[in-house]
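Student: I would like to learn how to read a structure like this one, feature by feature. Can we go through it together?

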Number of protein chains: 2
Amino acid sequence: MAFALLNRLVAKSGRRDLVVRDLLESGKLFNDNPACLLYLVVEPVDDSDAIWVVDLWSTEEEHAAALQAPELRRYVSETVPHLEGPPDQIEVRVRGGKSPGVG
Amino acid sequence: MAFALLNRLVAKSGRRDLVVRDLLESGKLFNDNPACLLYLVVEPVDDSDAIWVVDLWSTEEEHAAALQAPELRRYVSETVPHLEGPPDQIEVRVRGGKSPGVG
């Protein structure tokens, strides 16, 4: 079944919008990649610095390959200084539901 | 934009599979509901009791209405005793990405 990650990022104070814009801009690289089933950027209503990204890929290998794109690496190096620390990545097994690539 | 929730549940020890089955079974009620854009049930690889459900709905009102279905309420009352406590619900604003109903 698909490979999924729940990523929690914490932006430095006042920089969340900037980080979200970077994440959305860099995520456009996945738009034409059929291996990317879901890339959803959300922000908690009651926390002004946190951001979550839900990633769903057809396989772990396709996800790893996508991360190697030079344009993406440029975005990552631009974004990291605006974060409080490295993202928390929760690797999860997909069990099912209603979603692209699932069921 | 769409209404989203990140739900974290913790099953009582040894009961995660049972809870996941309940969540998948009850989630079938959303399959024909176009207001349900995403209902994704996943379990962390490194935690044997936790479950996450990512919910994405066209509006908060449609989500609230779906929760009123009598069949769903039956599932909820069956599932709750297998949980360590009430689910943690992180209400989030959708910022964008690649996902049904987004972009």
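Student: Which strands make up the closed barrel, and how do they pair?

Tutor: A word on the source before the reading: this is a predicted model. The barrel is closed and has eight strands, in the order β1(A)-β3(A)-β2(A)-β4(B)-β1(B)-β3(B)-β2(B)-β4(A), with antiparallel pairing. Strands from chains A and B are both in that list. Ignoring direction, neighbouring strands of this sheet are turned by 30° against each other on average.

Student: How many bridges join the strands around β1(A)?

Tutor: Take the two partners of this strand in turn. Towards β3(A) there are eight bridges, and the two strands run antiparallel. One pair to look for is Arg8(A), whose bridge partner in β3(A) is Trp52(A). Towards β4(A) there are six bridges, again in the antiparallel sense. Here Asn7(A) stands opposite Gln89(A).

Student: And what joins β2(A) to β3(A)?

Tutor: Six bridges, with the strands running antiparallel. Cys36(A) has Trp57(A) as its bridge partner in β3(A).

Student: Which elements does helix α1 of chain A touch on the sheet?

Tutor: Helix α1 of chain A, residues 16–27, packs on β1, β2 and β3 of chain A together with β4 of chain B. The direction of this helix makes about 170° with that of β2(A). Compare helix α2 of chain A, residues 60–67, which lies across β1, β3 and β4 of chain A and runs at about 125° to β3(A).

Student: How is burial read for a whole strand, say β1(A)?

Tutor: Count the buried residues, where buried means under 20% relative accessible area. In β1(A), six of the eight residues are buried, so this strand is largely enclosed by the rest of the structure.

Student: Is Asn7(A) buried or exposed?

Tutor: Asn7(A) belongs to strand β1 of chain A, and its relative accessibility of 5% makes it buried. With a polar side chain, the next step is to look for polar partners. The side chain of Asn7(A) makes a polar contact of 3.1 Å with the side chain of Asp55(A). A second polar contact, of 2.9 Å, joins the side chains of Asn7(A) and Gln89(A). Leaving aside neighbours within four places in sequence, the residues in contact with Asn7(A) are Ile51(A), Trp52(A), Val53(A), Asp55(A), Asp88(A) and Gln89(A).

Student: What surrounds Ala50(A)?

Tutor: Ala50(A) lies in strand β3 of chain A and is buried, with a relative accessible area of 1%. Beyond four places in sequence, its contacts include Arg8(A), Leu9(A) and Val10(A), as well as Glu43(A) and Pro44(A). Arg16(A) is also in contact with Ala50(A). Distance along the chain and distance in space are separate readings: Ala50(A) and Ser13(A) are 37 residues apart in sequence, and their C-alpha atoms are 9.8 Å apart.

Student: In chain B, how do Leu18(B) and Ser26(B) read for accessibility?

Tutor: Both can be placed first: Leu18(B) is in helix α1 of chain B, and Ser26(B) is also found in helix α1 of chain B. Leu18(B) counts as partly exposed, at 29% relative accessibility. Ser26(B) is buried, with a relative accessible area of 6%. A polar atom of the Ser26(B) side chain lies 3.2 Å from the backbone oxygen of Leu23(B). Not counting residues up to four places away, Ser26(B) touches Tyr39(B), Leu72(B) and Tyr75(B). As for Leu18(B), 64 residues of sequence separate it from His82(B), with 8.2 Å between their C-alpha atoms.

Student: What rotation superposes chain A on chain B?

Tutor: In general, two copies of a chain are related by a rotation about an axis and a shift along it. In this case the rotation is 180°, with 0.0 Å of shift along the axis and an RMSD of 0.0 Å. The two copies are thus related as by a two-fold rotation axis. In chain A, the C-alpha nearest that axis belongs to Pro100(A), 3.9 Å away. The same surface serves both copies, since 100% of the contact residues of chain A recur in chain B.

Student: Which elements of chain A have the lowest and highest mean pLDDT?

Tutor: Where pLDDT is low, the predicted coordinates should not be read in detail. Chain A averages 95, and 100% of the residues score at least 70. Among its elements, helix α3, residues 70–79, has the lowest mean, 91, and strand β3, residues 50–57, the highest, 98. The model scores are ipTM 0.94 and pTM 0.95.

Methods. Residues are numbered from 1 along each chain as its sequence is written. Chains are lettered from A and ligands numbered from 1 in the order in which they are written. This is a predicted model: local features need pLDDT of at least 70, side-chain atom pairs count only at pLDDT 80 or more; totals for chains, interfaces and linings use all residues. Side-chain values use heavy atoms; hydrogens and water are left out. Copies are superposed by least squares on the C-alpha atoms of residues with pLDDT of at least 70 in both. Contact means heavy atoms within 4.5 Å. Helices (H or I, at least four residues) and strands (E, at least two) are DSSP runs, numbered from the N terminus. Buried means under 20% relative accessible area, exposed over 50%, partly exposed in between (1.4 Å probe, protein chains only). pLDDT is the predictor's confidence in each residue, from 0 to 100. A polar contact is a pair of N or O atoms within 3.5 Å; within protein, one must be able to donate a hydrogen and the other to accept it, and residues adjacent in sequence count only if both atoms are side-chain atoms. Two strands pair if DSSP finds at least two bridges between them. Axes are lines fitted to C-alpha atoms, for helices over the stretch in contact, and angles run from 0 to 180 degrees between N-to-C directions.
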